[in-house]
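Let's take a friendly tour of a protein model, looking at its pockets and at how some of its helices pack. Have the sequence and the 3D view ready.

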Amino acid sequence: PKTDIVFLKVHKSASSTVMNILFRFGETHNLTFAFPQGGGFQLYYPHHFLARFVQGFSPLSPRRFNILCHHMRFLQPEVQKVVPSSAVYFSILRNPVQLMESSFVYYKGASAFSRVRSLEEFLSQPYRYYNPASGDRHYARNLMTFDFGFNPDGDVSPERVQLMLRAIEASFDFLLISEYFDESMVLLKEMLCWDLDSVVSFPLNIRDSSTKSPLPDSVVEKLKAWNRLDWEIYTHFNRTFWERIDRDIGRERMRREVQALRRRQAELARACLQGTGSVAPKDIKDSSLRPLQHGGARILGYNLKQGLAQELERTCRRLVTPELQYSSLLYKKQFPPPAP
């Protein structure tokens, strides 16, 4: 199994669920994480990543960490200073139309969104609300492009787009697609030589469907145009994702693997969870399992069954522990506070 990993955690793309998978694998195999300084949750995002943002990094003793997976704005020469040269690089993408709809609800406080009632109103005259010079502009335009380290207001000429796609391909071994999450997990398992249980997950940091609304076609087209760079990244890597599956796995085996993954997840859900699945934040009984609530979204969580056997309880708890709580727990394990 591969143990040196860089995961670029792209916003609003099922990346918290992937992070949980990496946290569990790292914890099980006693791997080290490149944590943000002081145990924060982002690597000084939205600044481009620098090695010195990592707790325990020193240019004098080139200590390498196994897993880098917290939010960052990608800058490969700096990333290479904190992970072994053998590290596998991957990320996950989401359809930019849904991604922006999600951003709009989640980052409602961002300067570009705070004065509009709806995404349609924003898109009717985006430059009235969007300021390319504002520090939080990336939440409102080409968010994936920004996370990969590029300019979200950049030139959309075919030549520039090709350069950007080539640069991403040169840095990353593969990109997953959140709309095909189960297929992505099978591909991840293959690429990292992991077993099935390592890529099992319950969806984390997802919002209540009551805050989701379908978008009219006219808005969808405007969204694609406004997020043209993201759209180019997504369509390109959605294509290469299926090309890779056809080449390395084959559709028939993929179908069987996805079925096995879903069976295992259903089995764990029956063993671990009260009720059928995720619940509203107010209904989560154990406060340590309550996810951070943000913007206008209602982020769902889980209740574990009572009286589980110790080993199973541990497995179940890890599967449903929200990102911030899990990150803190692993940070304290890796950097134990000095004894009083």
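## The largest pocket

Forty residues, written 40 in the count, line the largest pocket, and Lys 12, Ser 16, Leu 204, Asn 205 and Ile 206 lie nearest its centre. A pocket here is an open set of points on a 1 Å grid over the protein atoms alone, where a 1.4 Å probe fits, with protein on both sides within 12 Å along at least five of seven lines; lining residues have an atom within 4 Å of a point. This is a predicted model, where local features need pLDDT of at least 70 and side-chain atom pairs count only at 80 or more, while totals for chains, interfaces and linings use all residues. Residues are numbered from 1 along each chain as its sequence is written, and side-chain values use heavy atoms, without hydrogens and water.

The space in the largest pocket is about 810 Å³. At least two lining residues come from each of H1 (15–28), H3 (96–106), H8 (181–192) and H13 (323–334), and H1 gives the most, with three. Helices are DSSP runs (H or I, at least four residues) numbered from the N terminus. The lining has 19 nonpolar, 14 polar and seven charged residues. Ala, Val, Leu, Ile, Met, Phe, Trp, Tyr, Cys and Pro count as nonpolar, Asp, Glu, Lys and Arg as charged, and the others, Gly among them, as polar.

## The second largest pocket

Now for the second largest pocket, with about 390 Å³ of space. Its lining has 18 residues, with Arg 24, Thr 28, Asp 197, Thr 315 and Arg 318 nearest the centre. H1 and H13 each supply at least two of them, as do H11 (251–272) and H12 (310–320). By type, nine are charged, five nonpolar and four polar.

## How H10 packs

Helix H7 (residues 158–171) crosses H10 (residues 228–248) at roughly 50°, and their axes come within 10 Å. Axes are lines fitted to C-alpha atoms over the stretch in contact, and angles run from 0 to 180 degrees between N-to-C directions. H7 and H10 are therefore oblique to each other, a word for angles outside the ranges under 35, 65 to 115 and over 145 degrees. Among the residues in contact (heavy atoms within 4.5 Å) are Val 161 and Met 164 of H7 and Ile 233 and Phe 237 of H10.

H3 packs on H10 too, at about 130° with axes 9 Å apart, so this pair is also oblique.

Terms used:
Grid points are joined across faces, edges and corners, and a volume is the space filled by probe spheres set on the points.
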